[in-house]
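Colleague: I'm new to this one and would like a close look at a single part. Could you pick one residue, walk me through its surroundings, and then place it in the rest of the chain?

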Amino acid sequence: MTLEEFSAGEQKTESDPDNVVLCLLAADEDDDRDVALQIHFTLIQAFCCENDIDILRVSNPGRLAELLLLETDAGPAASEGAEQPPDLHCVLVTNPHSSQWKDPALSQLICFCRESRYMDQWVPVINLPER
């Protein structure tokens with residue numbers, strides 16, 4: 001499984017968009033008041049629905065970065081602003097071209113999204129607690 005960042009509504013073009021199987025929209029409580037971000041989320045959700053891409057909202061983008069091993073240490077360089085934390089408001093999960101490759105965790109996540117749709121929850125939410 002590869003992750004492709006989809007930040008501020010712009011898709012990176014290195015990957016084939018036909019291989020996208022899941023879109024993670026990450027936002028915390030402060031982001032809920034950001035009207036521009038909510039408009040981006042609405043447009044992304046419309047695109048994903050039209051192209052049969054499962055969508056999952058995730059709270060706590062900082063925790064998501066930790067889980068994806070993208071969080072940098074809060075050492076002296078980080079406090080000086082040398083490196084920006086990754087923007088994980090939207091992450092696209094792609095499946096490799098090989099049809100033989102199946103990830104059980106990804107399959108369970110996609111199944112969860114589809115079951116949520118059957119219960120009229122079109123964009124399920126997973127709350128990621130702090131450690």
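**A close look at Asp-54**

Modeller: Let's start with Asp-54, which is buried, with a relative accessible area of 2%. Keep in mind as we go that this is a predicted model. The cut-off for calling a residue buried is under 20% relative accessible area, so Asp-54 at 2% qualifies.

Where does Asp-54 sit? Its place is in strand β4, which covers residues 54-58. If we skip the neighbours within four places in sequence, Asp-54 is in contact with Val-21, Leu-22 and Cys-23, and also with Ile-110, Cys-113, Arg-114 and Arg-117.

Two of those contacts deserve a longer look, and they bring in charge. As a general matter, side chains of opposite charge can pair when their charged atoms come close. Take Arg-114 to begin with. Asp-54 forms a salt bridge with Arg-114, and the closest N and O atoms are 3.5 Å apart. Asp-54 lies in strand β4 while Arg-114 lies in helix α4, so this pair ties together parts that are 60 residues apart in sequence. The two side chains also make a polar contact, again at 3.5 Å. Unlike buried Asp-54, Arg-114 is partly exposed, with a relative accessible area of 35%.

Now for Arg-117. This residue also forms a salt bridge with Asp-54, with the closest N and O atoms 2.6 Å apart. Here too the partners come from separate elements: Arg-117 is in helix α4 and Asp-54 is in strand β4, so the pair ties together parts that are 63 residues apart in sequence. Arg-117 counts as partly exposed, at 22% relative accessibility. Put the pieces together and you have Asp-54, Arg-114 and Arg-117 linked in a network of salt bridges.

How many salt bridges are there by this rule? The count comes to 5. Another of them joins Arg-33 and Asp-30, whose closest N and O atoms are 3.4 Å apart. In that pair, Arg-33 counts as exposed at 64% relative accessibility, and Asp-30 is exposed too, at 54%. Set that against Asp-54, which is buried.

Let's follow helix α4 a little further, since both arginine partners of Asp-54 belong to that helix. Helix α4 covers residues 104-118, and Ser-116 is found there. Is Ser-116 buried or exposed? It is buried, with a relative accessible area of 2%. Leaving aside neighbours within four places in sequence, Ser-116 is in contact with Gln-121 and Pro-124.

The loops that follow strand β4 and helix α4 each hold a residue with a backbone angle to look at. Most residues other than glycine have a negative phi. Asn-60, however, has a positive phi of about 70° although it is not a glycine. You'll find Asn-60 in the loop between β4 and α2, the latter being residues 61-67. Asn-60 is buried, with a relative accessible area of 14%. In the loop between α4 and β6 (125-126) you'll find Asp-120. Its phi is near 60°, a positive value in a residue other than glycine. Asp-120 counts as exposed, at 62% relative accessibility, whereas Asn-60 is buried.

For a change from charges and buried spots, turn to helix α1. That helix covers residues 35-50 and includes Leu-43. Leu-43 counts as exposed, at 57% relative accessibility. Together with Val-35 and Ile-39, Leu-43 makes a nonpolar surface patch of about 310 Å².

Finally, let's step back to the whole chain. It has 4 helices and 6 strands, and read along the sequence they follow the pattern β-β-β-α-β-α-α-β-α-β. There are 131 residues, and 33% of them count as buried; Asp-54 is one of the buried residues. The chain exposes about 8,700 Å², with carbon and sulfur atoms supplying 53% of that area.

What about contacts between parts that lie far along the sequence from each other? Among contacts in the chain with a separation of 6 or more, residues 24 or more positions apart account for 77%. The salt bridges from Asp-54 to helix α4 give you a picture of such spacing, with partners 60 residues apart in one pair and 63 residues apart in the other.

Note on methods:
Residues are numbered from 1 along each chain as its sequence is written. This is a predicted model: local features need pLDDT of at least 70, side-chain atom pairs count only at pLDDT 80 or more; totals for chains, interfaces and linings use all residues. Side-chain values use heavy atoms; hydrogens and water are left out. Helices (H or I, at least four residues) and strands (E, at least two) are DSSP runs, numbered from the N terminus. Buried means under 20% relative accessible area, exposed over 50%, partly exposed in between (1.4 Å probe, protein chains only). Contact means heavy atoms within 4.5 Å. Accessible areas come from the Shrake-Rupley method with a 1.4 Å probe; for residues, only the protein chains shown count as cover. A polar contact is a pair of N or O atoms within 3.5 Å; within protein, one must be able to donate a hydrogen and the other to accept it, and residues adjacent in sequence count only if both atoms are side-chain atoms. Patches are made of residues with over 30% relative accessible area and no salt bridge: like charges are joined within 9 Å, nonpolar side chains (Val, Leu, Ile, Met, Phe, Trp, Tyr) within 5 Å. A salt bridge is a side-chain nitrogen of Lys or Arg within 4 Å of a carboxyl oxygen of Asp or Glu.
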